[in-house]
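Let's take a walk through this structure together, one chain at a time, and finish where the chains meet. Keep the viewer open as you read.

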Amino acid sequence: MGQKVLLSSKEINIILHRLACQLLESHLDFKDTVLIGLQPRGIYVAQRLKKILVEEYGVKHIALGFLDITFYRDDFRRGDKTLAATQTKIDFLVEDKKVVLIDDVLYTGRSIRAALTAIQSFGRPSEIELLTLIDRRFSRHLPIQPNYRGRQVDAINNEKVKVMWKENDGEDTVYLVDR
Amino acid sequence: MGDLSVNHLLGIKYLKKEDIALIFETADHFKEVINRSIKKVPSLRDITIANIFFESSTRTKLSFELAEKRLSADVINFAASQSSVKKGETLIDTVNNILSMKVDMVVMRHPNPGAGIFLAKNVKASIINAGDGAHEHPTQALLDSYSIREKLGGVGGKNVVIVGDILHSRVALSNIFALKLQGANVKVCGPRTLLPKYVETLGVGVETNLRKALNWCDVANMLRIQNERLDISYFPTTREYTQQFGVNKALLDSLDKEIVIMHPGPINRGVEITSDVADSQQSIILNQVENGVAIRMAVIYLLASKIK
């Protein structure tokens, strides 16, 4: 199993700052905007972006929630394993808010499809955008595209993109792994 | 997190400690779901569940039905009193007829102990035992332990006393299995006539003095006298029973510490507990009911994901 580095810690940092600026450009003070990190791995991207926006760009208040999509997935009973849920933590309503869904890797688009259904349980957003750190652009099963993307990757299907975070995995690196 | 070790929920006796932990962890997520403004998830939209009740039930039946609907399963209900069982149909025939309408899971309550096990051996569906005679009532025991865990932060090491008609109670047996499996200390308390002869062999203590039992415990699970199962007279009068084994506010306030009061329902107010105890701050009776839906969602979700 070989793996190569797609993005180093420095590159990830530059990309996160660019994404933060792009969010700032379209949402300004984040008064009517909420960030939703998708469990389990999108929450790290979301937390980093919030940190940059608050600490470096002086945004006063940003609502951040975590959404677990397990119970909305379309592959229940189709695999061998029971789909294990993780925590959903959204302590605000998304009614009439602009929602930015945040995930680490956009692949088939099925998770995002599930997230679009799941978020309805918390109200009717005025609009929903999508931000992903990595966009595997030729692997989509559904007509879903990101509004903000970190890096486009042309990976083939038996390759896997692995995003590592310092707070969870000990390093900030994106790997391309042969399965 | 993994899979359940079983394909049916027939009793706590057949579960492992890890199964209970998995059910609780899953129930945590469902508890969050049922407190949203939209309380429904689409997980089980291609699953059909039959609720077959050969014995009366309010809470359990409603709770199961709600859990099934919150998971988006299709639900059919069947009460034996209005069915062909009255015309002489056997249990296997009844259930197989229901299953031939493409039903994936059966939730059954039956007056005979072992009815669920019998069914699991003879029909092709995932079976959940919602009470079989005086044998087991596994989802009740799970929600009881889950409520203790929620209130006290854990079950292991806690002292729990089960008070009342232990002899005829499926709730008592399932609770004993569940609590022991999770490392709690368990005592039973009641009139000698309503305690099973060899109950100590399950690893529980026996206490016939209610005040002593309550002073020992962290949690008291108060059971109802199962009048419908009392074939002979087990105690002189209800009044005498209440005097010796009923909990009232004065007794509760005179204890050395503040204990948690539980009751699986239905309550006979003024018999096993008085109204002011049932409605007091120390009672978690209504939390038990709320947790029942989350626990049943977790059990159904985990079993359904094993249906291929």
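Before we start, keep in mind that this is a predicted model. A good place to begin is the sheet of chain A. Five strands make up this open sheet, and reading across it gives the order S3-S2-S4-S5-S6, with parallel pairing. Strands of a sheet pair through backbone hydrogen bonds, either parallel or antiparallel. At the edges of the chain A sheet stand strand S3 (63-67) and strand S6 (148-153), and each has a single partner strand, so one side of each is left without a neighbour in the sheet. From one strand to the next, the twist averages 25 degrees.

Now look inside the sheet. Strand S4 (residues 98-106) and strand S5 (residues 127-136) of chain A run parallel and are joined by 8 bridges. If you would like a pair of residues to click on, A:Leu106 has A:Asp135 in S5(A) as its bridge partner. Packed on this sheet is helix H1 (residues 9-27) of chain A, which touches strand S2 (33-38), S4, S5 and S6 of chain A. The direction of H1(A) makes about 145 degrees with that of S6(A). Helix H2 (residues 42-55) of chain A lies across S2, S3, S4 and S5 of chain A, and runs at about 145 degrees to S2(A).

How do these two helices meet? The axes of H1(A) and H2(A) are 9 Å apart, and the helices pack at an angle of about 70 degrees. Since angles of 65 to 115 degrees count as roughly perpendicular, H1(A) is therefore roughly perpendicular to H2(A). Their crossing is right-handed. On the H1(A) side, the contact is made by A:Leu16, A:His17, A:Leu19, A:Ala20, A:Leu23 and A:Leu24, while H2(A) brings A:Arg48, A:Leu49, A:Ile52 and A:Leu53. By class, the residues of this contact between H1(A) and H2(A) are 8 nonpolar, 1 polar and 1 charged.

Let's move to chain B. Here strand S5 (residues 159-163) and strand S6 (residues 185-189) run parallel, joined by 5 bridges. B:Ile162 finds its bridge partner in S6(B) at B:Val188. Between these strands the chain passes through H6(B), and the resulting β-α-β crossover is right-handed. On from there, S6(B) also pairs in the parallel sense with strand S7 (residues 205-207) of chain B, over 3 bridges. In that pairing, B:Cys189 is matched with B:Glu207 of S7(B).

The crossover helix has a helical partner too. Helix H5 (residues 138-152) and helix H6 (residues 170-181) of chain B have axes that come within 8 Å and cross at roughly 50 degrees. H5(B) and H6(B) are therefore oblique to each other, and H5(B) passes H6(B) in a right-handed crossing. Among the residues that meet here are B:Pro138, B:Ala141 and B:Leu142 in H5(B) and B:Val171, B:Phe177 and B:Leu179 in H6(B). The residues of this contact divide into 7 nonpolar, 4 polar and 1 charged.

Finally, turn to the place where the chains touch. In this interface, 15 residues of chain B are in contact with 15 residues of chain A. On the chain B side, helix H1 (17-33) and helix H11 (285-304) each supply at least two residues. The largest share of that side, 4 residues, comes from H1(B). Sorted by class, the residues of chain B that touch chain A comprise 8 nonpolar, 4 polar and 3 charged.

Key. Residues are numbered from 1 along each chain as its sequence is written. Chains are lettered from A and ligands numbered from 1 in the order in which they are written. This is a predicted model: local features need pLDDT of at least 70, side-chain atom pairs count only at pLDDT 80 or more; totals for chains, interfaces and linings use all residues. Axes are lines fitted to C-alpha atoms, for helices over the stretch in contact, and angles run from 0 to 180 degrees between N-to-C directions. Angles under 35 degrees count as roughly parallel, over 145 as roughly antiparallel, 65 to 115 as roughly perpendicular and the rest as oblique. A crossing is left-handed if the near helix is turned anticlockwise from the far one by less than a right angle, and right-handed if clockwise. Two residues are in contact if their C-beta atoms, placed from the backbone, lie within 7 Å. Ala, Val, Leu, Ile, Met, Phe, Trp, Tyr, Cys and Pro count as nonpolar, Asp, Glu, Lys and Arg as charged, and the others, Gly among them, as polar. Two strands pair if DSSP finds at least two bridges between them. A crossover is right-handed if, with the strands pointing away from the viewer, the path from the first strand over the helix to the second runs clockwise.
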